[in-house]
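Subject: Structure handover

Hello,

Here is the structure I said I would pass on. My notes on it follow below the display.

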Amino acid sequence: MSFLEVRDLALAFGGVRALDGVGFSVERGQVFAIIGPNGAGKTTVLNVVTRVFAPASGQVLLEGVDLVRMPRHAIAGAGVARTFQNIELFEGATVLDNLLLGRHRFDHGGLLSQMVQGRRARACEDASRERVEALIDFLDLAPHRNQRVAGLPYGVRKIVELGRALATEPRLLLLDEPASGLNPEETRDLAFWIDDIRHDLGVTVVMIEHDMSLVSEVADRVLAMNLGRALAEGTPAEVQSHPDVVAAYLGG
Amino acid sequence: MRFAYDTSYRESRRLLRFASDRAAYALLAVLLAAAPFVLPVFYVGELTYLFIFALASLGLMVLTGYTGQVSLGHAAFLAIGAYAEALLLNAGWPLPASLAAAAALSGAAGLAIGMPAIRVSGLYLAMVTLAFAILLEHAVGHWSSLTGGFTGMAVPEPRLAGVSLGTPTGFYFLCLALLAAVLLALVNLMRGHLGRAFVGVRDSEAAAWGLGIRVPLVKVQAFVLSAAITGLAGALLAHQTKYLTPDGFGMMLSMQLVLAVVIGGLGSLRGAILGAILIGLLPSFISHLKPFLPDRIAKQFGLEIFVFGAVLVGFVLFEPLGLNGRWQKLRAFFETFPLYRRDTFRRGKAYMRSERYK
Ligand SMILES: Nc1ncnc2c1ncn2[C@@H]1O[C@H](COP(=O)(O)OP(=O)(O)O)[C@@H](O)[C@H]1O
Ligand SMILES: [Mg+2]
């Protein structure tokens with residue numbers, strides 16, 4: 001059995017069939033890309049995996065455990081983290097606090113200990129801080145550590161969101177168009193980071209991406225979607241030249 | 001100029017990191033400790049009222065400033081705390097127990113109103129809390145066997161271990177001590193795990209869920225904490241006014257609390273205190289000013305509300321981050337002198353978030 005198996009997802013919004021039987025499987029340690037025209041249902045797949053929406057039918061098996069049966073708040077604990085297509089950061093908080101929020105699922109000492117800054121609460125806070133500082137180093141966020149997110153440039157905000165997802169220590173990382181809005185230089189950095197995330201942190205990555213040169217560079221396998229269905233799956237080169245995929249992009 | 005130079009994570013979290021901060025707070029502590037012995041009794045009472053109002057304002061700040069849930073009916077929690085305090089003291093409870101129970105009862109009311117209220121947000125939540133406060137005011141007025149109805153009820157004198165805290169000085173220190181304790185606890189809570197979760201829920205529910213935050217639970221926690229603190233303030237207010245009537249806990253009081261947290265600066269405990277001081281002082285400031293105003297204006301009905309409104313509009317237009325924002329700018333100016341630039345606090349370009357979902 002694969003690390004992640006998504007089976008026969010179906011979900012409709014009113015009359016729109018956003019997902020119509022899409023399924024795929026991802027091996028541990030892979031970078032798996034999902035491509036497809038706008039409205040294909042790519043984001044909806046991530047939303048079902050993270051329990052934002054419950055599918056009408058289908059399964060999402062992570063190492064054999066069905067995420068569809070879990071409550072929404074338990075997904076992070078199951079080892080799944082994500083970023084959003086339209087950045088969802090905590091705007092009023094600093095970069096540091098955004099990343100520390102990624103540590104929410106870990107122990108923080110009891111409420112009473114937090115209230116009086118007891119030994120347990122301080123030890124937990126130090127441990128969280130240490131993990132977060134390692135990520136700040138990894139993602140070059142040090143200059144922005146104590147700045148409010150609301151004032152930061154777009155490229156930095158995307159990286160903060162990536163850092164916050166990593167702070168949850170995921171097994172599976174879901175990235176929704178991580179390179180959109182980034183300049184070529186930032187996209188290069190992102191490619192390196194995704195490589196490091198896979199090799200050094202051992203995290204499996206599923207990413208939705210339009211930038212085919214990035215996909216070719218970092219992805220092991222690619223799924224092309226249209227109208228809530230899988231069109232083609234294979235290596236980046238195979239999928240790119242698949243006649244149905246070409247038709248879907250040209251046909252709109 | 002001064003620089004933060006941390007050598008450990010813990011150091012960066014220390015509360016008073018700079019000698020100048022410690023000196024300023026020590027001076028404040030000395031002034032507050034000396035105040036009741038040098039000020040006329042009237043001003044001691046005014047200061048005590050400010051402490052109580054600041055405590056209530058902290059309560060609302062937890063809810064509105066940190067989790068973004070607007071309550072237009074927080075006077076209801078003050079009322080619950082106040083009546084609970086009076087009734088429990090009448091029943092012979094000792095002061096510490098009655099204060100704790102008043103806070104707990106108000107917190108329980110917060111739970112009862114918070115559970116259904118978290119299903120709605122924004123304007124609807126504001127309406128729910130407003131309706132709750134109006135209902136409660138009427139209930140208190142009509143349940144005269146318990147509350148004395150519209151004629152009201154007297155509040156027993158606060159006594160601790162046989163010593164009366166009903167004197168202006170004694171009560172002043174009781175209120176100051178409770179305010180300081182609650183403030184310290186909140187400072188610790190709000191910069192840690194719980195406070196971050198509050199802000200997370202306020203700024204993006206979608207992201208909060210994704211990090212494992214149980215959004216409804218956190219919202220209810222904020223409601224309970226907020227109501228309990230406000231209830232404690234209510235218990236103290238009972239002793240301050242010495243006589244309770246339902247109309248002492250009306251719309252105007254709820255509005256003053258909302259004004260205090262908005263003008264103070266949402267999401268800041270310092271803001272809650274600064275806002276409470278400004279709003280708490282405004283009515284007596286206006287009445288002091290009245291003799292100098294032309295009769296036509298001074299005798300105008302609703303002058304107070306007009307001034308409150310004008311202050312609010314002024315802040316929304318010119319200092320949306322409130323008194324706390326102004327404070328931080330002043331601080332930054334002195335700390336980075338002569339390098340301060342006006343742009344330091346300018347907000348970056350805002351980006352459209354067109355496809356938001358919860
Ligand atoms: N929350 C929602 N409510 C209604 N319709 C939605 C919602 N989310 C997605 N859709 C619809 O589902 C389809 C797939 O959307 P989406 O998954 O966002 O596409 P993609 O990410 O591939 O561009 C679109 O037709 C979109 O309008
Ligand atoms: Mg999308």
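In chain A, strands β7 (residues 172–176) and β8 (residues 204–208) run parallel and are joined by five bridges. One of the residue pairs is D176(A), whose bridge partner in β8(A) is I208(A). Please keep in mind that this is a predicted model.

β7 and β8 belong to an open sheet of six strands in chain A, ordered β6-β7-β8-β3-β9-β10, and the pairing in this sheet is mixed. The edge positions are taken by β6 (80–82) and β10 (229–234) of chain A; each has a single partner strand, so one side of each has no neighbour in the sheet. On average, neighbouring strands here are turned by 20° against each other, direction ignored. As general background, the strands of a sheet pair through backbone hydrogen bonds, in either a parallel or an antiparallel way.

Helix α1(A) lies across β3 (31–35), β6, β7, β8 and β9 (221–226) of chain A, and runs at about 145° to β7(A).

There is also an open sheet of four strands in chain A, in the order β2-β1-β4-β5, with antiparallel pairing. Its edges are β2 (16–26) and β5 (65–66) of chain A, each with a single partner strand, so one side of each is left free of a neighbour in the sheet. α1 (residues 42–49) of chain A packs on this sheet too, where it touches β1, β2 and β4 (57–62) of chain A. The direction of the helix makes about 70° with that of β2(A). Within the sheet, β1 (residues 4–13) of chain A pairs with β2(A) over eight bridges, in the antiparallel sense. Among these residues, L11(A) has L19(A) in β2(A) as its bridge partner.

The remaining notes concern ligand 1. Which element gives the most to the shell around ligand 1? It is α1(A), with three residues. β2 of chain A also supplies at least two. The residues surrounding the ligand include F13(A), V16(A), A18(A), P37(A) and F53(A). By class, the shell has six nonpolar, five polar and one charged residues.

Three polar contacts to oxygen atoms of ligand 1 can be listed:

- G39(A): a backbone N or O atom lies 2.8 Å from a ligand oxygen.
- K42(A): an N or O atom of the side chain is 2.8 Å from a ligand oxygen.
- T43(A): a polar side-chain atom lies 2.7 Å from a ligand oxygen.

Taken alone, ligand 1 exposes 560 Å², of which the protein buries 66%.

Regards

Key:
Residues are numbered from 1 along each chain as its sequence is written. Chains are lettered from A and ligands numbered from 1 in the order in which they are written. This is a predicted model: local features need pLDDT of at least 70, side-chain atom pairs count only at pLDDT 80 or more; totals for chains, interfaces and linings use all residues. Side-chain values use heavy atoms; hydrogens and water are left out. Two strands pair if DSSP finds at least two bridges between them. Contact means heavy atoms within 4.5 Å. Axes are lines fitted to C-alpha atoms, for helices over the stretch in contact, and angles run from 0 to 180 degrees between N-to-C directions. A residue is near a molecule or strand if one of its heavy atoms lies within 4 Å of it. A polar contact is a pair of N or O atoms within 3.5 Å; within protein, one must be able to donate a hydrogen and the other to accept it, and residues adjacent in sequence count only if both atoms are side-chain atoms. Accessible areas come from the Shrake-Rupley method with a 1.4 Å probe; for residues, only the protein chains shown count as cover. Ala, Val, Leu, Ile, Met, Phe, Trp, Tyr, Cys and Pro count as nonpolar, Asp, Glu, Lys and Arg as charged, and the others, Gly among them, as polar.
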